[in-house]
Amino acid sequence: MQLQIRQGFDPQWLDDALNLYCEAGLGQKDADQLRKALTRSYRVVTCWNGEELCGIGRLISDGVYYASIFDVAVHPAYQRQGIGRLLMNELEQAVPGLRVYLTATFGKEPFYEKLGYRRHRTALAKYPPPFETSPYLDPPARSTQEQG
Ligand SMILES: CC(C)(COP(=O)(O)OP(=O)(O)OC[C@H]1O[C@@H](n2cnc3c(N)ncnc32)[C@H](O)[C@@H]1OP(=O)(O)O)[C@@H](O)C(=O)NCCC(=O)NCCS
């Protein structure tokens, strides 16, 4: 197996990325939205076995203070062979010295912990409808008035 890491997004492999996200359990993404998200990302990293896309990840950043990593996925046939780590290393190398944020899918926290990520004590998120019922979010905090 000859694996190759590539940088950047090429619309020619958009369908491969859509399939990869599906196969990896991250859902059926909208093609136009994914194309925009990949185009606007600070870094996109992919892993190839010949012309087969077997891994992908992307990072958004201001390039100075902060960066966030999203949508890291390795095809199930290629998991647990070090590709996720390779992708993460490539993304991190694009933002030396910056604070990097991410959220894990359920059960994947140990993967990120192995790469040195730690729980953030005050991390919060606000999702618009219809995402506000996401199982990743705690129920809304009760305001002081409501508690009255
Ligand atoms: C999470 C994911 C990207 C990991 O990719 P991978 O290529 O399998 O990971 P690696 O082989 O590089 O693993 C690196 C280390 O993490 C460990 N690891 C990987 N997945 C793990 C898991 N689910 N639980 C515990 N440890 C895990 C590996 O054993 C390895 O440890 P080691 O260096 O001590 O041997 C991959 O499982 C995946 O695509 N999952 C589905 C999509 C997803 O949930 N993505 C995360 C979005 S936030």
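A polar contact is taken here as a pair of N or O atoms within 3.5 Å, and by that measure a backbone N or O atom of Gln81, lying 3.2 Å from an oxygen atom of the ligand, makes such a contact in this predicted model. Two further pairs belong with this one: a polar backbone atom of Val72 is 2.8 Å from a nitrogen atom of the ligand, and an N or O atom in the side chain of Thr105 is 2.7 Å from an oxygen atom of the ligand. Around the ligand there are 21 residues, of which Val74, Arg80, Gly84, Arg85 and Thr105 come nearest, so that Thr105 appears both in this group and among the polar pairs.

From the ligand the path leads to strand 4, which spans residues 66-74. This strand pairs with strand 3 (residues 52-61) in the antiparallel sense, over six bridges, and within that pairing Ser61 stands opposite Ala67. The two strands form a hairpin with four residues between them, in which Gly63 takes a positive phi near 75 degrees. Strand 4 is also joined to strand 5 (residues 99-101), here by three bridges and in the parallel sense, and the partner of Ala67 in strand 5 is Val100. Ala67 of strand 4 therefore has a bridge partner in strand 5, Val100, while Ser61 stands opposite Ala67 as well. Together with helix 3 (residues 83-93), strands 4 and 5 make a right-handed β-α-β unit.

Ser68, a residue of strand 4, offers a closer view of this region. With a relative accessible area of 18%, Ser68 counts as buried, because the cut-off for that term is under 20%. Leaving aside residues up to four places away in sequence, Ser68 touches Arg58, Leu59, Ile60 and Tyr101.

Helix 1 (residues 14-23) brings a further set of buried residues, namely Leu14, Ala17, Leu18, Leu20 and Tyr21. These residues lie on the same side of helix 1, because they cover an arc of only 165 degrees around its axis. The spacing follows a general rule: an α-helix has 3.6 residues a turn, so residues three or four places apart point the same way. The buried residues of helix 1 pack against helix 2 (31-40), strand 3 and strand 4, which returns the reader to the strands described above. After helix 1 comes Gly25, whose phi is positive, near 85 degrees.

Note on methods:
Residues are numbered from 1 along each chain as its sequence is written. This is a predicted model: local features need pLDDT of at least 70, side-chain atom pairs count only at pLDDT 80 or more; totals for chains, interfaces and linings use all residues. Side-chain values use heavy atoms; hydrogens and water are left out. Buried means under 20% relative accessible area, exposed over 50%, partly exposed in between (1.4 Å probe, protein chains only). Contact means heavy atoms within 4.5 Å. Two strands pair if DSSP finds at least two bridges between them. A crossover is right-handed if, with the strands pointing away from the viewer, the path from the first strand over the helix to the second runs clockwise. The arc is that of the directions from the helix axis to the C-beta atoms. A residue is near a molecule or strand if one of its heavy atoms lies within 4 Å of it. A polar contact is a pair of N or O atoms within 3.5 Å; within protein, one must be able to donate a hydrogen and the other to accept it, and residues adjacent in sequence count only if both atoms are side-chain atoms.
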